[in-house]
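Let's take a walk through a protein model together, looking at the empty spaces inside it and at the residues packed around them. Please have your viewer open and follow along.

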Amino acid sequence: MRHGEFPALVAGLSHAEVLALLGTLDPSELAAIADDWRLWARPEQVSPAGAWETWVVMAGRGFGKTRAGAEWIAEQVRARSDLRIALVAATYAEARDVMVEGDSGLRAVADPLIGRFYPARRLIKFHNGSEARLYSGASPDELRGPQHHFAWCDELAKWKKSHETWSTLQLGLRLGHRPQVMVTTTPRARTVLAQLLEREGTVHTGGSTAANRHLPLAFRTAMERQYGGTSLGRQELEGELVTDVAGALWTAALIKRCRWPGGVPLPGFARIVIGVDPPSGGGTCGIVACALDREGRGHVLADHSVTAATPEQWAARVAEAAALHGPRSSEGRALVVAEQNQGGKMVLSVLHGAAPDLHVRLVTARVGKSHRAEPIALRFENGSAFFHGRFGPLEGQLMGLIAGGGYDGPGTSPDRADAMVWALTELLLAPKRAKPGIGSL
């Protein structure tokens, strides 16, 4: 029998007929049917064929994503010994409570394979020598160093630092001849998920909450009554990636339209500006390089933002960005435009500490980030601003900025987006400043 064939086989039988059929089987056959996940699973819950790198199960709540993830890990452990596996959730607590000890977690579906679980060490030791370690999507640095054959990432769209954690995880997937990652998640836009689904090597399955007929009918009916037909229902029940926020200044379609076409030569740049949004505490320092071409159009060149850095570290990153992009302008150097609301004159001091000859202009924010972004969004809409490449974290923040004020994007603050806005405001909206010269009588 193939995926899901046994449930389909007995679906049309009466209770007495099912009992009669099961009565013809010996205990070993009954046990084999009960234990064979691939007989019971829906096709969307079973790993696809082919040489994929990432398998994304993106589905509504209650679809059976956790069970599919736990069963996939169990299959890898049964097939090979001495594996190194990463289990990554939004937090360590969720990795333990859902992926390991949950009703559909590893202890529930593969407990005979497990030798011992060490919660304090965040470590599972399997009888065959394989190990699985628990990680948090809020702590990417924990994944620096460890190597893995496989990874199971649960609720990727909830990770606080999804881009950073995902990138760090990928660098450690270097054991075995074909490392693979399974992602089980309810969708959420403006996270690494949107970019991941577009990548070569990614396969995608999933479905709606209603696909799981084991859920109580009362629950399914109540959820459909409450959320059916809404954007939240499309996301949480149908498993659909709803990319646009109502009233967003940047939409996915706008960003796609404003991407500089491949193969078209870069224009000459008159000016380069590095926009800087200094962090509050240990957050992200937004550092975005932008340019103005000779036709008066704006260009987003690169995102050099850095997270959890000291003032000396993020200042050094700003200096590196200025040195990298400055020579591309006709002026031969870059201007750094840095917001001084966080730190005041200290911002200037730390930047000059990194590079004494850095050309810096401090600016003060007098309105909210979304309000500052509105005139820049208009420049993209009228075709006078472009993105040179894909900038996942930056684009996610831009799609969270809402016209009229407000932010509904990843993280607590659109620091990368604000840095871009400061740079393009200087290039596209600031009044022309006369260059210093010698006057005549």
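Which helices each supply at least two residues of the lining of the largest cavity? In this predicted model, the helices that do so are helix 4 (37-40) and helix 5 (65-79). Helix 5 provides the largest share, four residues. The full lining consists of Trp37, Arg38, Gln45, Val46, Ser47, Trp55, Ala68, Glu71, Trp72 and Glu75. Sorted by class, that makes five nonpolar, two polar and three charged residues. The space they enclose has a volume of about 40 Å³, and the count of cavities of 30 Å³ or more comes to one.

From the cavity, we can step along the chain to Pro48, which sits in the loop between helix 4 and strand 1 (54-58). Is Pro48 buried or exposed? Neither label fits: Pro48 is partly exposed because its relative accessible area is 23%, and the buried class ends at 20%. Pro48 touches Trp55, Val203 and Thr205, if residues up to four places away in sequence are not counted. Trp55 is also one of the residues lining the cavity. The contact with Val203 joins distant parts of the sequence: the two residues are 155 residues apart along the chain, yet their C-alpha atoms are separated by 7.7 Å.

Next comes Thr202, found in strand 8 (residues 202-205). Thr202 counts as buried because its relative accessible area is 18%, and the buried class covers values under 20%. Its side chain reaches the backbone oxygen of Leu196 at 3.1 Å. Leaving aside neighbours within four places in sequence, Thr202 is in contact with Thr54, Val56, Leu196 and Leu197.

Now for the open spaces. The largest pocket holds about 840 Å³ of space. Its lining has 31 residues, and those nearest the centre are Gly62, Gly64, Lys65, Ser104 and Asn212. Helix 4, helix 5 and helix 6 (92-100) are the elements that give two or more residues to this lining. You have already met helix 4 and helix 5 at the cavity. By class, the pocket lining has nine nonpolar, nine polar and 13 charged residues.

The second largest pocket contains about 670 Å³ of space. It is lined by 32 residues, with Lys160, Pro410, Gly411, Thr412 and Ser413 closest to its centre. Helix 8 (162-172), helix 16 and helix 17 each supply at least two lining residues, and helix 8 gives the most, with three. Here the classes come to seven nonpolar, 14 polar and 11 charged residues.

Let's finish with the packed interior. The largest nonpolar core has 34 residues, and Trp250, Val300, Phe380, Phe387, Met420 and Leu424 touch the most other members. Among the elements that each supply at least two residues of this core are helix 12 (252-257), strand 10 (284-293), helix 15 (369-381) and helix 17 (415-428). Helix 17 gives the most, with nine residues. What does Trp250 touch, not counting residues up to four places away in sequence? Its contacts include Ile255, Ala377, Phe380, Phe387, Leu401 and Met420. Apart from this core lies another, of 31 residues, including Val100, Val109, Ala132 and Phe150.

Note on methods
Residues numbered from 1 in each chain as written. Predicted model: local features only at pLDDT ≥ 70, side-chain atom pairs only at ≥ 80, totals over all residues. Heavy atoms only, no water. 1 Å grid on protein atoms, 1.4 Å probe; cavity = no way out; pocket = protein on both sides within 12 Å on 5 of 7 lines; lining within 4 Å. Points joined across faces, edges and corners; volume = space filled by probe spheres on them. Nonpolar A, V, L, I, M, F, W, Y, C, P; charged D, E, K, R; others polar. Core = buried A, V, L, I, M, F, W, Y, C linked by side-chain atoms within 4.5 Å. Buried < 20%, exposed > 50% of the residue type's maximum accessible area, 1.4 Å probe, protein only. Contact = heavy atoms within 4.5 Å. Polar contact = N/O pair within 3.5 Å; in protein donor to acceptor, adjacent residues only side chain to side chain.
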